[in-house]
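User: I would like to work through a protein model step by step. Please show the sequence and structure before we begin.
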Amino acid sequence: MTELAATAVTGGIAIITLDNPPVNALSAPLRASLLRALKQALGDTAVTAIVLICAGRTFIAGADITEFGKAPQSPSFPDLFAAIEQAAKPVIAAIHGTALGGGFELALACHYRLAAESAKVGLPEVHLGLLPGAGGTQRLPRLVGAEAALDIITSGRQIGAREALALGLVDALVSDSNLRKGAIAYARDVVAQGSALPKARDRSDRIAADREKPTLFSDFAAANSRRFKGFAAPRAIISAVQAAVELPFEEGLTREAALFEQLVASHESAAQRHVFFAERAAGRVPDLPADMPIHEIHSVGVIGAGTMGGGITMNFLNAGIAVTLVETTQDALDRGVTVIRRNYEATVSKGRMRAEQVEQRIGLISPTLDMAALSDVDLVIEAVYENIDVKREIFGKLDNIVKPGAIMASNTSFLDLNRIAAATRRPESVVGLHFFSPANVMRLLEVVRGAKTSKPVIATAMHLAKRIGKVAVLSGVCDGFIANRLLAPRGAQAEAMMLEGTPIAEIDRVLVEYGFAMGHFQMMDLVGLDVIGRDATERTVMGDLVAAGRLGQKRGAGYYDYDDKRRPSASATTADMIDAVANARNIASDPTVGSEAVLARLLYSVVNEGAKILDEGIALRASDIDIAAVLGYNWPVYRGGPLFWANQIGLNRIVAEMRELEGRYGEAFRPSDLLVRLAEKGLVFGDAA
Ligand code: 3H9
């Protein structure tokens, strides 16, 4: 049997190399192998110290997430880590890449931690709806104090080696190329000094100081209540760290383990783990071979310097890619560049960017009024307003300008990409790159595959997304693609309920209670009603609002009235408009009453649309639809996206309730074929129906 943890002894130092690709997750077989190697080294009289180091691209990236929810396998984490901490010989963790979760907890159980300069450490369990369940909540506060521990564990952030050294998370740094040698030399020094072996569990100075701050934990919870809303893990983390301060080590570990068990069994954690794997699955396109050649993208052109074009541009500037920014008037061009500069300056003022980086990034823009300046770029993204004729005209022109092989992308959010592509002589080079507003912030990028888009162009787009920090989801061509089409029925139901007399504040409240950052009408007001407005065939409240100059937050009035701090309140004017439109359209008063009923109308319609999108092959897989909702529409991550949520409710129940809704509200609630098929067979989204 090949060991996942292999030992080599040089000059009395046992170097145990862990090798469990791709990220050295601490699976049961790896734990067993490591424990064997450790025992052997401890029993070997020739060995004076032990170095734990990892092969491949990273130190241990955590527990093996796929093991959660299955029967526990030995050795357990606590047993393994106790064996390390209680070892009579010094154990040194030599960290490169990322030591995360259970991986960093293992390092905390070692006597010494050495990090390569580019290494990062962190406890990201919170992003999986968990807490560090292998002693992290007990050892970390003992090393750095409760406040720093709370920050590190509730944020889940990755901490660079230098900061880790300054905080006392690691003991020394070595250059990246020298980690192994440096660790051996460090081990020799430790042996030569012969001091008592430091154990995190025995440190008491930090937590003794924390015991003097009785309101530390309640203050922290209160200060972060907004950030933690809806999530169970941060509350559990606070309890566990409090246990570290108040209880003996072993009792604290028991408390941590109990909290971990609760979280790992929760819907929230299951949802967040689903999202973790869904994000990674989204990048895989079955008919693209892994070695598909991709286009090199060194320079980009963006047509349109408005809100979308500007946001899109920033993604590339951030990645160090030059952008030729095209507009039709000098005014619009200047305004666009000024907005980009202001956004960067705001980032600087929040301390998240250095001042000199502003000029560096702005310096990568070549503003121009001349489309001919795009002749040499590798990729052009058109981001002008949504009008098929305008877009076709632009693509026709581009066809005569851009070099052979350049990719021509449209940021259209619902128009027919195939018609846009047909305006060129090279539809194989045309793809949709649909960004979400604000385009420099939202992580979703829909890559829209036209009927003729070539495979290398798709592969390039998927790859490019990663380079600019986006998660790409592949979509086929349809009105609204995945995310907008998916969420459109939610808007339609919200508006239907509004016209039937359900207060808009109630509809929004239900969505916020479910976990959305804001409700449907609040979101419309934020985006701007004039931006959203589409050609309506009948009289709408939105149309009336726009006609009355109530364009949303930016005008202090939209669906809601806003005060000077942009706080919403119900508007009598809007209420009158709703009545007037309902009367004009002969819609009788029939308000939907109760959170559950409102939620069912809003979200079952989304689930149904998701099923159609999947059945039509517009999305590759159910989890892509969840990712589109979570990353494009801030669907609460702890619900896992609409289809994961539906699975948890039960598809049978949803179909039955939808049939009732169909009887009352009509076709909008007719369960889709796929939904019925899955429910009848007792399957869930994600299963092949
Ligand atoms: C934990 O530790 C709990 C403990 O406190 C308590 C225990 C009792 N397990 O992201 P990538 C897979 S919770 C299983 O594309 P990158 C991943 O799915 C854990 N699989 O690479 C992917 O598979 P595929 C706390 C894992 O270079 C492949 O590895 N730790 C795990 O962009 C490559 O991943 C974390 O939350 C895992 N732990 O980023 C860290 N991790 O190729 C989670 C990854 O089939 N991991 N995979 O799609 C990460 O953040 C990133 O993977 C990392 C590398 C930064 C390490």
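User: Which strand do 4 bridges join to β6, and do the two run parallel or antiparallel?

Analyst: The model discussed here is predicted. Strand β6 covers residues 112-116, and one bridge in it pairs Y112 with I92. In total, 4 bridges join β6 to a strand made of residues 91-95, and the two run parallel. The strand asked for is β4, and the direction is parallel.

User: Which residue of β9 stands opposite A116?

Analyst: Strand β9 (residues 172-174) is joined to β6 by 3 bridges, and these strands run parallel. Within this pairing, the residue of β9 opposite A116 is V174.

User: How many of the residues of β6 are buried?

Analyst: Y112, L114 and A116 point one way from the strand, while R113 and A115 point the other way. In a regular strand, side chains alternate between the two faces of the sheet. Residues on both sides of β6 are buried, and the count is 5 of 5.

User: Is G56 buried or exposed, or does it fall in between, and why?

Analyst: G56 lies in the loop between β3 and α2, and its contacts further away in sequence are D19, P21 and N24. A residue needs 20 or more C-beta neighbours within 10 Å to be buried, and 12 or fewer to be exposed. Because G56 has 15 such neighbours inside 10 Å, it counts as partly exposed.

User: How many charged residues are in the shell around the ligand?

Analyst: The ligand is surrounded by 26 residues, with A61, G62, G101, G102 and G133 the closest. Of this shell, 14 residues are nonpolar and 8 are polar, and the number of charged residues is 4.

Conventions. Residues are numbered from 1 along each chain as its sequence is written. This is a predicted model: local features need pLDDT of at least 70, side-chain atom pairs count only at pLDDT 80 or more; totals for chains, interfaces and linings use all residues. Two residues are in contact if their C-beta atoms, placed from the backbone, lie within 7 Å. A residue is near a molecule or strand if its C-beta atom, placed from the backbone, lies within 6 Å of it. Ala, Val, Leu, Ile, Met, Phe, Trp, Tyr, Cys and Pro count as nonpolar, Asp, Glu, Lys and Arg as charged, and the others, Gly among them, as polar. Two strands pair if DSSP finds at least two bridges between them. Lists of a residue's contacts leave out its neighbours within four places in sequence.
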